[in-house]
Amino acid sequence: MASPTVIVFGPTGNVARVAAITARKHGAQVVLAMRDPSKEINGIRHEENGYERVQADLTKPDTIREAVLKTGAKKAFIYQVHSSDHLKSSIEALKEAGIDFVVFMSSFTIVDAGGDLEAISPKEHIPYSHARVELSLLEVFGREHFVPIRSGSLATNLMMFNGQAVRNGHVSLWAPESTSDCISADDLGEVAGTVLVNGSDKKIIYLFGPEPLSQQKQIETVARVLQKDIKIDTISTEAEAVEAYKAKGLPEAVARLIAANLAQNTKSFAAREPQIYREGVSNVKEITGHPSTSFQDFVSSNSHLFQ
Ligand SMILES: NC(=O)c1ccc[n+]([C@@H]2O[C@H](COP(=O)([O-])OP(=O)(O)OC[C@H]3O[C@@H](n4cnc5c(N)ncnc54)[C@H](OP(=O)(O)O)[C@@H]3O)[C@@H](O)[C@H]2O)c1
């Protein structure tokens with residue numbers, strides 16, 4: 001059977017990079033659709049056999065149409081990226097150019113927001129923006145021709161706001177009891193690349209890390225695994241937390257949203273939705289053949305992030 005051609009948008013990204021490598025391992029010809037094709041991708045050399053680079057931007061339908069037509073790709077992996085129509089015209093361009101199956105990097109927060117895609121309020125920015133893309137995919141491709149991967153909280157989130165502080169050995173944490181499942185981007189990418197090539201019977205794929213951990217426990221795990229001294233202080237008021245996020249470059253509205261979400265997140269998703277959580281942990285094993293990676297193992301294999 002001829003090897004399928006798949007197109008992966010944003011392959012410099014943590015999940016898409018591994019999705020591309022995994023799709024190649026499953027025998028696909030892989031098109032790397034990049035805003036800047038001259039960029040390095042860790043683990044994929046320029047001119048590497050089985051890969052082709054094309055210029056494309058997920059917010060620019062003409063570049064998408066051209067990339068798909070030029071390469072003959074039939075299946076696509078996409079991220080949610082900000083666009084005025086929630087990627088509707090980009091998704092139409094994928095379909096018009098010949099894509100017949102899409103894997104979309106979505107978010108578990110859709111469940112927390114009630115699960116009804118149409119009803120999620122724009123005020124709930126993260127679930128809303130992912131739900132809008134899922135709705136466009138449903139409308140343009142239909143349920144049989146796309147799969148949303150509704151991921152839990154990435155293990156790398158800890159570093160998004162506390163990276164430098166962890167490396168410096170002194171962290172000031174807001175909401176230290178805020179708890180998340182810490183799924184590894186490599187697991188997500190392996191699932192995405194496998195499903196991209198082989199398809200899936202599942203209509204929605206939930207994926208979670210194997211053990212919910214508070215922010216405090218995550219930092220203690222980093223300290224233990226890397227034998228590093230890390231002092232932890234607590235930010236005591238939400239107003240101070242908002243100021244701290246603003247100082248890290250976030251707009252005020254986003255800083256407020258993050259501080260409020262973290263404060264409310266002391267009961268983990270695993271406790272709120274145990275059945276979906278268990279399904280999401282076992283999906284990793286079912287699709288990749290190995291268990292969902294623990295935060296401890298994630299830290300061991302990504303020590304460069306914390307040093
Ligand atoms: N953080 C969480 O806990 C969480 C939970 C559930 C779901 N998610 C979803 O997962 C995503 C993060 O995944 P990740 O860590 O793999 O992301 P990432 O490492 O930040 O990579 C995203 C990639 O998208 C590419 N990109 C950005 N805008 C683009 C555009 N207009 N056209 C084409 N490519 C574009 C960027 O590539 P270049 O800059 O090289 O162009 C970047 O490398 C979030 O955005 C969210 O949708 C996150």
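Me: What makes the pair formed by a backbone atom of asparagine 14 and an oxygen atom of the ligand a polar contact?

Reply: The backbone N or O atom of asparagine 14 lies 2.9 Å from the ligand oxygen. A polar contact is a pair of N or O atoms within 3.5 Å, so this pair counts. The model is predicted, with pLDDT of at least 70 required for local features and 80 or more for side-chain atom pairs, while totals for chains, interfaces and linings use all residues. Numbering starts from 1 along each chain as its sequence is written, and side-chain values use heavy atoms, leaving out hydrogens and water.

Me: Which distances put lysine 39 and histidine 130 under the same heading?

Reply: A side-chain N or O atom of lysine 39 is 2.7 Å from a ligand oxygen, and a polar side-chain atom of histidine 130 is also 2.7 Å from one. The protein covers 76% of the 940 Å² of accessible area (Shrake-Rupley, 1.4 Å probe) that the ligand has on its own.

Me: How many residues surround the ligand?

Reply: There are 21, and Thr12, Arg35, Lys39, Tyr79 and His130 are the closest; the criterion is a heavy atom within 4 Å. Six are nonpolar, twelve polar and three charged. Strand β5 (a DSSP run of at least two residues; helices need at least four) gives the most, with three residues.

Me: Why are α2 and α3 described as they are in relative direction?

Reply: Helices α2 (residues 61–71) and α3 (residues 88–97) pack at about 25°, with axes 8 Å apart. Roughly parallel means under 35 degrees, and α2 and α3 are therefore roughly parallel.

Definitions and conventions
Polar contact = N/O pair within 3.5 Å; in protein donor to acceptor, adjacent residues only side chain to side chain. Nonpolar A, V, L, I, M, F, W, Y, C, P; charged D, E, K, R; others polar. Axes fitted to C-alpha atoms, helices over the stretch in contact; angles between N-to-C directions. Parallel < 35°, antiparallel > 145°, perpendicular 65-115°, else oblique.
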